[in-house]
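Please work through the exercises below with the sequence and the structure open beside you. Each task is followed by a solution that proceeds step by step.

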Amino acid sequence: MNKLKVLAVFILISAFAYAGGYRVSTQSNRQLAMGHTGVAVVNSADILFFNPAGLVHLESTFSASAGGFGVFSNVAFQNSEFGTSSQTDSPMGTPVYAYASYKITDKFAVGLGIYTPFGSNVTWPTDWAGSHLVNEIELSAIFIQPTLSYQLFDSVSIGAGPIIAIGGVQFNRNAGRSLTNEQGDRSNVAVEDSGVLGYGWTAGLMFTPNDRFTFGFNYRSLINIESTEGTATFSNFPNSPLTPANGETSFTATLPLPAELTVGVSYKWDKLLLAFDYNRALWSEYESLDLTFGNGSTSINPRNYKDASTYRLGAQYEANDKLTVRAGYYFDESPVQSGFFAPETPRNDSNGYTFGFSYNINEKFAIDASLLYLQFKEINESYDFFTDPGATQPSSFGGTFKSQALIPGIGITYNM
Amino acid sequence: MKKFNLKYIALFVAAIAVVSCDPELENPIDEAGVYSSGTADFSKYVAVGNSLTSGYADGALYLDAQEKSFPAIMAGQMAFAGGGEFNQPLVNDNAGGLLAGGVQILPNRFVLAVGADGNPGPAVYTGQMPTTDITNNVGENLNNFGVPGAKSFHLGAPGYGNIANLPAANPYFIRFASDPNATVIADAAAANGTFFTLWIGNNDILSFATSGGVGVDQTGNLNPATYGSNDITDPNVFAGAVSGYVTALTANGAKGALVNIPDVTSIPFFTTVPSNAIPLDAATAGLVMSNPQIAGYNAGLQQAAGAGFITSTEAAQRTINFTAGQNFMLMEDEDLTDLSALGLPNLRQTNSSDLITFTSAAVIGTQADPSNPLSIIGVAVPLGDENVLTANEQAAITAAQTAYNTTLENLAAANDLAFVDARTALAQVASTGVGFNGGTLTSTYASGGGFSLDGVHPTPRGYAFTANVIIDAINEQYGSTLPRVDIGAYRSIQTSNDVN
């Protein structure tokens, strides 16, 4: 009876957790290899991120894991009406994670996780056709999450923890489509801030009705990164009272790191484990990126993101004592709506294909490797809400975009 | 067992290798064959003309605008359909002034500066000393033969680029003439282009217009050597010159485009200062009208009309009347009936068909005599011939312009060249404006986006619009598919307070 109630709770919750935008789903090599499922998969201390309720299910007294990824992601753009084209030359992104879990009793575990669930690293050629929207952006957020996990009933565990987020941003773009100084150099605004703190929380629930099925539920709250102490640098503006002065000034801006809701199920049959996760990211929080500068100018950038879903499938097979192989697939729905396709996060819907394995070096250590190939369809899109300084109507910037990302990762797992 | 593991690892590594990291578009536009040149050959484009072809703007030729000349913009688009490199006789800097042997002979460009009164207006840029010396010849391997100031017959005039002939020679052509006695057209033809644009004849009416009609309408005079700089060129002289240029440029079988001459009423130089530019309140108007000279002049006109020396229409046209509100300005008109025998000067007030030159704004409403507060120009002191382009003068311009444009259209048809109706395109900019991605291009001074601060020449955005108009005509004539440019990506006027 009790089990049915818990199941009912799962079914009642119809909106769930995360995808797209500047979210980077690379919080575990083992789980990424399985399509980044994990809310109902107890594999390692990585569960701390996917579902804190699962921490108490880890067999070892002490478990730890750490790893990282190289994000090789680029975007090609062209507009055949005007004959403009560009391709990003983005530096490698390097999301990392580290988790540790300690089982105090059979029913109670504590843990600490550090991971980087949000980020963006996009570098277009300077002064390219869309440079009034972005030349270069580097966005990062480190989450630190202390966690408690408790076995509430035989089949139900819960877990929760506060999150401290440390955000940083570098963003550079031209002030308009054609504004220059007297020498014809494009007027430019660059903002930079780091060490911005934000706070949130996460909570999860895990339901294990029998040996084969595990159900998981996780919620991670919205965290607003409110930047107030950063520096904005205005350069190449003409010497005119009609335009902002060159030099450094302050700025304020708020970037939401949206809440995520996840439900999932896993099924274990002998050496095979299958998992399905459904995520919903509450991106609709991201309505507009508004910068207010200390010199009195402002930059209003409507975003109008929508909540977006991701559907994840993963499989794991213990080939032998040493080797476990994994594969997965996910469909990631973009939160970006038509007409709001800004080239700073040029993400449309994507298909993720994942592979990976773990190799047990000995009883305590294992090496985890994964590979994600993120495939985007070519898309004709535009951003229609940029208004040049002094102009009375907005202009549209768009064309054909094609993104692609290849993300290999490597990590290590330790169990005592 | 170990072998088995290696297989998986090998598969994993292979998967990484197979997946390339560069995103590839299905139909990349930088691949050959996406844009067609039709029956034209854009491999070597040669542009011939005057200031409009050179990229001249804001009263000077300076680097930033020159790099956005309409031929340079077009060459950039032609590169998608077989076009090659495009070299211009670039000046050194963004100051824009010219030096001859280190001495400045032409002023720097205009920028929009905010004055002490808080109002923006044009001012000469002084943020940089000019460094372009005309004694430094850059005439090597050029594609752009646009010579600011050139009239139709100048392009074929030997010695037009000879520094020894200054001031009759042209300082811009001196910079790139292949030889002191070379002609512009011979140099351009020697470049052996596969495609050309020719846009010439604007100055043949424009200098007359901007001088307020001070020059002479030379229609009927077939010897341009006798013309003054502000005269209207005889249409037959124009036709003879231009047909010769077309022959020279097509001698090797090149295709090309001829661009016609826009209306002077399309440019802000003649549409910015209204003909009723004098605001008066009732008291001041009364004070002006109490001047016995005005009463005497008006009475004299009635007597002259009564005696049949002038029509009653002319008497009414010449009658001076200042009232409260916006007033037409007092002016001298050489075309009025000479009544000096009666002691009456050739005065009238401006009317709505007069065009006031942009440069008149500096004198209208000021005192002709600084010590005499009653000597207000436009009220008590008449505007001169150089300030006003009268209806008669406009008619002379229109007659010549119409003849030139007919010649150009016929030449284009006879030689299977694209004919570009710039006149209609610019008239549309001036009347309703032309919408683009992010705004509307108009000919309103400074704010309209189309015209630079000299009131005559386009901004880079205006040149981009011009390039699109020409591209359209070329595509239509030759079945090519050159892409247009996004004119919103090209700048309008430049603001700066680097003006001392």
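The exercises that follow concern a predicted model, and they go from the whole of chain B to its domains, its core, two helices, the contact with chain A and two loop residues.

**Exercise 1. Describe the overall make-up of chain B: its secondary structure, its extent and its burial.**

Step 1. Begin with the elements: chain B holds 15 helices and 18 strands.
Step 2. Turn to the extent of the C-alpha trace, which along its principal axes spans about 120 × 55 × 45 Å.
Step 3. For burial, take the 500 residues of chain B, of which 49% are buried.
Step 4. Finally, consider the contacts in chain B with a separation of 6 or more, where residues 24 or more positions apart account for 71%.

**Exercise 2. Locate the two domains of chain B and characterise the side of domain 1 that touches domain 2.**

Step 1. According to the domain assignment, domain 1 of chain B comprises 45-271 + 392-489, and domain 2 comprises 278-351 + 355-388.
Step 2. The C-alpha centres of these two domains of chain B lie 37 Å apart.
Step 3. At the contact, 12 residues of domain 1 of chain B meet eight residues of domain 2 of chain B.
Step 4. On the domain 1 side, helix H9 (268-271) and helix H13 (391-414) of chain B are the elements that give two or more residues, and H9(B) gives the most, with three residues.
Step 5. Sorted by class, this side of domain 1 of chain B has four nonpolar and eight polar residues, with no charged residues.

**Exercise 3. Find the residues at the heart of the contacts in the largest nonpolar core, and explain where this core lies relative to the domains.**

Step 1. The largest nonpolar core has 130 residues, and those that touch the most other members are Val48(B), Tyr245(B) and Ile470(B).
Step 2. Helix H15 (residues 460-478) of chain B supplies the largest share of this core, 10 residues.
Step 3. Because domain 1 and domain 2 of chain B both give residues to this core, it lies between them.
Step 4. Take Tyr245(B) as an example: leaving aside neighbours within four places in sequence, Tyr245(B) is in contact with Val48(B), Leu155(B), Gly156(B), Ile185(B) and Leu198(B).
Step 5. Apart from this core lies another, of 83 residues, including Phe207(A) and Phe215(A).

**Exercise 4. Examine how H13(B) and H14(B) are packed, and what follows each of them.**

Step 1. H13(B) has 24 residues and reaches 34 Å from its first C-alpha to its last, close to the 34 Å expected at 1.5 Å a residue.
Step 2. Among the buried residues of H13(B) are Glu393(B), Ile397(B), Tyr404(B) and Leu408(B), and the partners against which the buried residues of H13(B) pack include helix H7 (202-210), helix H8 (235-250) and helix H14 (422-431) of chain B.
Step 3. Just after H13(B), Asp416(B) takes a positive phi of about 55°.
Step 4. In H14(B), the residues Ala422(B), Ala425(B), Leu426(B), Val429(B) and Ala430(B) are buried; they cover an arc of only 140° around the axis, and therefore lie on the same side of H14(B).
Step 5. The buried residues of H14(B) pack against E9, E16, strand E17 (434-436), strand E18 (439-441) and H15 of chain B, and H14(B) is followed by Gly433(B), whose phi is positive, near 85°.

**Exercise 5. Describe the contact between the chains from the side of chain A.**

Step 1. The contact takes 47 residues from chain A and 41 residues from chain B.
Step 2. Several strands of chain A each supply at least two residues, among them strand E2 (72-79), strand E17 (323-332) and strand E21 (395-415), and the largest share, eight residues, comes from E21(A).
Step 3. The residues on this side of chain A divide into 21 nonpolar, 19 polar and seven charged.

**Exercise 6. Decide for two loop residues whether each is buried or exposed.**

Step 1. Asn136(B) sits in the loop between strand E6 (132-133) and strand E7 (144-146) of chain B, and because Asn136(B) has 11 C-beta neighbours inside 10 Å, Asn136(B) counts as exposed.
Step 2. Ser90(A) sits in the loop between strand E3 (84-87) and strand E4 (96-105) of chain A, and with 20 C-beta neighbours inside 10 Å, Ser90(A) counts as buried.

Conventions
Residues numbered from 1 in each chain as written. Chains lettered and ligands numbered in written order. Predicted model: local features only at pLDDT ≥ 70, side-chain atom pairs only at ≥ 80, totals over all residues. Domains from an automatic or database assignment. Contact = placed C-beta atoms within 7 Å. Helix = DSSP H or I, 4+ residues; strand = E, 2+ residues; numbered from the N terminus. Nonpolar A, V, L, I, M, F, W, Y, C, P; charged D, E, K, R; others polar. Core = buried A, V, L, I, M, F, W, Y, C linked by C-beta atoms within 7 Å. Buried ≥ 20, exposed ≤ 12 C-beta atoms within 10 Å, placed from the backbone. Expected span 1.5 Å × (residues − 1). Arc of directions from axis to C-beta.
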